[in-house]
Amino acid sequence: VMTFIVQLAGNRDGVMNTLQHLAEIVEADGKVAEAQKMRSEALDLLQKPEQKDLLSSDQLGSILGMKASIEARHGQWEQAAADAAHSLDYQPMGSFRYTMVAALYLKTGNRSAYEEFCKKLFLQLRDTGDIFVADQVAKACLFLPASEVDLNAVGRLADMAVARGTNDEGAMPFFETCKGLSEYRLGHFADAVAWAKKSIDSPRQDAHPHAYGVQALAE
């Protein structure tokens, strides 16, 4: 596999997706340590100066995101938070990493950085029409209630995702969990449980742990 990755290193098209996919295949087979070693070696390879000069901003953001994931898995929370946040300098619309940054700030106990991140995120994207961006912004801002972010306005982002995402059966269970978390933060505990159970009743099993967490809080 690593020989294949070395051969890919000269090919900029899709290299990051390929690296991530290969590591996920190995990890899914139960070889977690091997997958981590693969990610680390790929990261070292791609961070060589002669390679970095050839990478696009999007690829650099992906590399930093992968680096942050590796660091988090090893409990290097401070560095993981810094790298995850830095990845957004290269991929500012990388909404799939908003919740990662928010969670890492909280994991490091940096409440002020979390609050500032949520405020910036919300002000920039509160009018988004993209249901996936709305979902990620809302979730990031709902992990803990940020003092300078209006929970009702965040709730409208969650509302928009569940209202417009009805045709996306794969994403809807995650949107329902976000809606449940929004209701929980607003003190509507019965509604929060109901939304969480919608997600739990879906066949999308990887959404269930999130929904169980919301249900437990609301119960």
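This passage describes the aromatic pairs and the lysine–ring contacts of a predicted model.

The structure holds 3 aromatic pairs, two of which are described here. Tyrosine 105 and phenylalanine 117 form an edge-to-face pair, with 6.1 Å from centre to centre and 65 degrees between the ring planes. Because tyrosine 105 belongs to helix α7 (residues 98–107) and phenylalanine 117 to helix α8 (residues 111–125), this pair ties together parts that are 12 residues apart in sequence. Tyrosine 105, at a relative accessibility of 17%, counts as buried, and phenylalanine 117 is likewise buried, its relative accessible area being 13%.

Phenylalanine 132 and phenylalanine 175 make up a further aromatic pair, which is tilted, the centres lying 5.6 Å apart and the planes enclosing 55 degrees. Here distant parts of the chain are linked, since phenylalanine 132 is found in helix α9 (residues 131–142) and phenylalanine 175 in helix α11 (residues 172–185), at a separation of 43 residues. With regard to solvent accessibility, phenylalanine 132 counts as partly exposed at 40% relative accessibility, whereas phenylalanine 175 is buried, with a relative accessible area of 2%.

Contacts between a charged side-chain end and an aromatic ring were also found in the model. The ring of tryptophan 77 has the charged end of lysine 107 over it, at 4.9 Å from the ring centre. In a second arrangement of this kind, the charged end of lysine 198 sits over the ring of tryptophan 195, at 5.4 Å from its centre.

Key. Residues numbered from 1 in each chain as written. Predicted model: local features only at pLDDT ≥ 70, side-chain atom pairs only at ≥ 80, totals over all residues. Heavy atoms only, no water. Phe/Tyr/Trp six-rings, centres within 6.5 Å; stacked < 30°, edge-to-face > 60°. Helix = DSSP H or I, 4+ residues; strand = E, 2+ residues; numbered from the N terminus. Buried < 20%, exposed > 50% of the residue type's maximum accessible area, 1.4 Å probe, protein only. Lys NZ or Arg CZ within 6 Å of the ring centre and 35° of its normal.
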